[in-house]
Amino acid sequence: MASAVEAAKRAAAQVAVKNHYPANAKYVGIGSGTTIVYVVEAIKALGVDTSLTKYVPTGYQSKQLIISAGLTAVTFDTLPEGTVLDVAFDGADEVDDELNCIKGGGACLFQEKIVALQAKEFICVADSRKLQPRLLKSWKYIPIEVAPIAANRVLTKLREMGSINPTIRMNTTPKEGPLKTDQDFFIIDAPFQALLTKADVAAGQDGSGKNGVWEVNALSRAIKEIVGVLEVGIFSGLTGPQTQALGGLGGEKPVAAYFGMPDGSVSSRHATA
Ligand SMILES: O=C(CO)[C@H](O)[C@H](O)COP(=O)(O)O
């Protein structure tokens with residue numbers, strides 16, 4: 001029998017897919033991790049014709065998941081320039097009150113971010129453990145993908161910004177050494193104090209990084225500016241529709257997040273327009 005957490009992930013995936021899987025989808029982004037398995041299961045269970053749909057993976061695991069479900073995987077680098085994904089589904093490590101997310105627990109954050117940014121809508125699917133008022137309330141660190149040659153330099157910069165003991169993520173298998181991403185880069189896991197939301201700053205709290213206390217978007221920008229960083233596992237800023245209203249394409253922040261709860265219900269958070 002599936003554990004309560006697995007049942008919660010499955011319930012969230014079913015509601016997210018029911019509410020957001022588009023009719024006649026041409027391109028659908030498929031994220032990484034354990035929860036996304038239930039999204040693919042829910043897509044198959046819809047019973048719609050998937051033969052004309054191309055599924056865009058966010059890494060090796062995701063590609064294998066798509067293929068083993070009998071769906072067509074098309075990698076991001078083979079998409080014609082300007083291709084717009086109808087929707088992208090993905091999990092998250094933590095989601096705050098404003099729908100900002102931490103991602104990268106599975107080391108796929110770079111591809112997850114470019115897929116989200118290429119989609120009209122990014123939909124997050126998770127279980128109740130990920131639902132928090134602020135980022136880094138429960139989850140302990142921000143995953144950051146870095147060029148191996150610059151890893152020590154990035155560690156120093158992160159300490160200067162107030163990260164408490166950032167570390168290079170190591171393999172958990174018998175293979176020794178740092179974990180390598182699908183880009184052959186390293187992941188640095190950088191703990192910080194719980195992050196402030198835009199509402200916290202509007203209410204007068206200082207999220208400038210002084211004393212190591214940061215507002216979500218400010219910290220994301222500051223980490224991205226460190227030379228050697230490929231991408232940051234903070235997904236914040238604008239949603240797809242907000243970006244489109246400004247003439248752009250997609251956004252890294254989800255428009256909606258679905259959480260399977262311990263009592264079997266599904267709770268959701270939705271972005272304001
Ligand atoms: O960001 C991710 C991988 O890089 C995953 O979406 C995140 O870690 C959540 O994974 P899971 O669904 O297994 O809890």
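Let's start with a helix pair. Ile36, Val37 and Val40 in helix H2 meet Ser62, Leu65 and Ile66 in helix H3. Keep in mind that this is a predicted model.

How are the two helices arranged? Two packed helices are described by the angle between their axes and the distance between the axes. Here, H2 covers residues 36–46 and H3 covers residues 60–68. They pack at an angle of about 25°, and their axes are 11 Å apart. The cut-off for roughly parallel is under 35 degrees, so H2 is roughly parallel to H3. And the handedness? H2 passes H3 in a right-handed crossing.

Now the overall division. There are two domains. Domain 1 comes in two pieces, 4–132 and 236–270. Domain 2 is 142–233. The C-alpha centres of domain 1 and domain 2 lie 23 Å apart. How many residues does each domain put into the contact? Domain 1 gives 18 residues, and domain 2 gives 17 residues.

Which element gives the largest share on the domain 1 side? That is helix H4, residues 109–117, with four residues on the side that touches domain 2. Look at H4 by itself. Eight of its nine residues are buried, so H4 is largely enclosed by the rest of the structure. The buried set starts with Leu109, Phe110, Gln111, Glu112 and Lys113. Val115, Ala116 and Leu117 are buried too.

Next, the core. The largest nonpolar core has 73 residues. Which residues have the most contacts inside that core? Val39 and Val125. Where does the core sit? Both domain 1 and domain 2 give residues to this core, so the core lies between them.

Stay on Val125. Leave aside residues up to four places away in sequence. Val125 then touches Ala12, Ala13 and Ala16. Val125 also touches Thr35, Val39, Phe89, Gly91 and Tyr258. So the list of partners includes Val39, the other residue named for the most contacts inside the core.

One last site, for contrast. Asp77 is in the loop between strand E3, 72–73, and strand E4, 87–90. Is Asp77 buried or exposed? Count the neighbours: 7 other C-beta atoms lie within 10 Å. The cut-off for exposed is 12 or fewer, so Asp77 is exposed. Compare Leu109 in H4, which is buried. Asp77 and Leu109 are 32 residues apart along the chain. Their C-alpha atoms are separated by 16 Å.

Technical notes:
Residues are numbered from 1 along each chain as its sequence is written. This is a predicted model: local features need pLDDT of at least 70, side-chain atom pairs count only at pLDDT 80 or more; totals for chains, interfaces and linings use all residues. A nonpolar core is a set of buried Ala, Val, Leu, Ile, Met, Phe, Trp, Tyr and Cys residues joined through C-beta atoms within 7 Å. A residue is buried if 20 or more other C-beta atoms lie within 10 Å of its own, exposed if 12 or fewer, and partly exposed in between; C-beta atoms are placed from the backbone. Domain bounds come from an automatic or database domain assignment. Two residues are in contact if their C-beta atoms, placed from the backbone, lie within 7 Å. Axes are lines fitted to C-alpha atoms, for helices over the stretch in contact, and angles run from 0 to 180 degrees between N-to-C directions. Helices (H or I, at least four residues) and strands (E, at least two) are DSSP runs, numbered from the N terminus. Angles under 35 degrees count as roughly parallel, over 145 as roughly antiparallel, 65 to 115 as roughly perpendicular and the rest as oblique. A crossing is left-handed if the near helix is turned anticlockwise from the far one by less than a right angle, and right-handed if clockwise.
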